[in-house]
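Hello,

Here is the structure I promised to pass on to you. Please have a look at it first, and then read on for my notes.

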Amino acid sequence: MRYKIYPAIGIARLGQDEDFIVGSERVGFAPTELSTPNNPVTRYKNQAKTQIRKQAARFHLFQSEDGSTWKPAELPAGASVRWEVRLVNMKTAVTRPDEPPIKPTRPEVLDANQSMIIDGGMQSISGSNATSAPFVGTFATQASDGTPFSTSVTLGELRTDADGRLLVLGGSGISGAPPNTPLGGSYYKNPGWYDDVADGPVSASIQLSAGGPAQAAEGGAWVIVAPPDFAPEIQGVVTLYDVIRQVSIDEFGAPAPTSCSYDADIASLVGRMSALRFVNGNAHWKDPRLSDPKLRSPLLADQPLRDGVRKALIGITNILEGHTNSMGPKWELRTFQKNLLDLWVNGQFNATPSTPNTDLSPDGLTRAALEGAVGQGFCPGIEAGIIVLDKTLYSTPFDFRIDPGSVRPGELTALMAQPWQSDFLDCNTDWWPTQRPDIAPQVGGTNKSWSRGIPANGHLALVQHFGQLGFIVRQGAGQVFIESERDPLFPPP
């Protein structure tokens, strides 16, 4: 029997509250509660609305006899699984230019900066409902006056659920620096500042009987511990899944789509663009054509409608921001997405209504995790940056799996914003509104600024108060989202 871990890449998120939720495991579904995996989260913060609940990345073990068809592992009585994870943050240690890279770039760490790598080390866990020791690393540098500075940083911990599946929890979202270190000179580069974002490999060793030989799960997996997502049910039109899927087509010979389903391929794109109206104030997202029932119609008479919506989707490139460097990538749909839209416009698509698949599947677990992460505009991004375009990151044959022999723990997040809150403050219009909302819809239909209460130059204020800001969440079963769980004591109301 052969074994693999899914998702191939999991996304955990920072939070101050030790209570946690589980990231999405089904395509098109929101994060869930640990105890009710088929139900979406109804509370993203503690009862006082001052601390964010962590998001755990859950990893599942699958088995296969032929290496082609995979199903959830069915281990015999007495079998055990030992999970191992390493988490590292190298963001402050890396050689960092004034702006994010404009092409895939591997991070470099000078010997003099090694002490600023926060290495949480390796932790292991096995059994059911278990908890590991925390990932703790040391950040050591010097203050501006030459005084030595050293502090311990907790990057997270491991848990297992009742079925022995792995849960990776990240840190608390803290950021810090030696006393009197300035913050706010850049959205990207603030020397001396550290945070507790991290990433690293996940492995599993399966022992089918006590004292028997151990078998490693093939290829392992990877986890990214990212900043919070303040609009967790609203996804980017281009997600991290879309970006890496295009890499698989361009670099690894994965088949480009030659057929199109309205529900699977088009409705999700249209829905994501329409939902942007709840997190960004541009009128483009309120186009009435986005809700026209004739979008499902393959009739030639409805082709102008389909083509108009295709142009609206492609036109996002003129609204959402790409790279600040004119030589860097602009915001745009992936090639395979444009090809699917062309098939749809030409009437070459399956219009039959379909229902979402709620079964846990290997590919679905990876896709669900990565569709919760943004894939544009990589300046530098939220969860992972332009480095994901580097084909040497991935194992072959390609299945979205990071090659642990080619990638160092901490590399995927190394060139993200320093610290993460600086980017969340400065990139306040048209960047990543699905993670960092630009607006906060209120009951009654008005909008307020999501970051109200944080001054324009308030980088330190956001470091201190990010847990008091609100989440943009769905109201009922419809497509309506409003701000919720903002700390009522955080000014202004």
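Below is what turned up, beginning with one strand and moving outwards.

Please keep in mind that this is a predicted model.

A good place to start is strand 10, residues 166–170. Five of its five residues are buried, so the strand is largely enclosed by the rest of the structure. L166, V168 and G170 point one way from strand 10, while L167 and L169 point the other way.

Strand 10 has partners to look at, too. Strand 9 (residues 148–160) runs antiparallel to strand 10, and five bridges join the two. Strand 4 is also antiparallel to strand 10, with three bridges between them. V168 is a handy residue to follow here: L158 is its bridge partner, and A57 stands opposite V168 as well. In the hairpin of strands 9 and 10, five residues lie between the strands, and G164 there takes a positive phi near 80°.

G164 comes up again in the second largest pocket, which has a volume of about 370 Å³. Its lining has 17 residues, and the closest to the pocket centre are L61, L75, D163, G164 and R165. Strand 4 (53–64) and strand 6 (80–89) each supply at least two residues of that lining. By class, the lining holds nine nonpolar, six polar and two charged residues.

Next, the interior. In soluble globular proteins, nonpolar side chains tend to be buried together. The largest nonpolar core here has 128 residues, and F59, W83, L313 and W344 have the most contacts inside it. A second, separate core has five residues, among them V22, A56, L167 and L169.

Finally, the aromatic rings. A search of the whole structure finds 19 aromatic pairs. One of them is F139 with Y194, a tilted pair at 4.8 Å centre to centre and 40° between the planes. F139 lies in strand 8 (residues 135–142) and Y194 in strand 12 (residues 194–195), so this pair ties together parts that are 55 residues apart in sequence. Both F139 and Y194 are buried.

The rings of F230 and F471 have centres 5.0 Å apart and planes at 45°, so they too form a tilted pair. F230 sits in the loop between strand 15 (221–226) and helix 1 (240–252), and F471 in strand 18 (residues 471–474), so the parts tied together are 241 residues apart in sequence. F230 is buried at 0% relative accessibility, and F471 is buried at 2%. Ring pairs link F230 and F471 into a cluster with Y44, W420, F424, W450 and F466.

Enjoy exploring!

Best wishes

Technical notes:
Residues are numbered from 1 along each chain as its sequence is written. This is a predicted model: local features need pLDDT of at least 70, side-chain atom pairs count only at pLDDT 80 or more; totals for chains, interfaces and linings use all residues. Side-chain values use heavy atoms; hydrogens and water are left out. On a 1 Å grid over the protein atoms alone, a cavity is a set of points where a 1.4 Å probe fits but cannot get out, and a pocket is an open set with protein on both sides within 12 Å along at least five of seven lines; lining residues have an atom within 4 Å of a point. Grid points are joined across faces, edges and corners, and a volume is the space filled by probe spheres set on the points. Helices (H or I, at least four residues) and strands (E, at least two) are DSSP runs, numbered from the N terminus. Ala, Val, Leu, Ile, Met, Phe, Trp, Tyr, Cys and Pro count as nonpolar, Asp, Glu, Lys and Arg as charged, and the others, Gly among them, as polar. A nonpolar core is a set of buried Ala, Val, Leu, Ile, Met, Phe, Trp, Tyr and Cys residues joined through side-chain atoms within 4.5 Å. Buried means under 20% relative accessible area, exposed over 50%, partly exposed in between (1.4 Å probe, protein chains only). Two strands pair if DSSP finds at least two bridges between them. Rings of Phe, Tyr and Trp (its six-membered ring) pair if their centres lie within 6.5 Å; planes under 30 degrees apart count as stacked, over 60 as edge-to-face and the rest as tilted.
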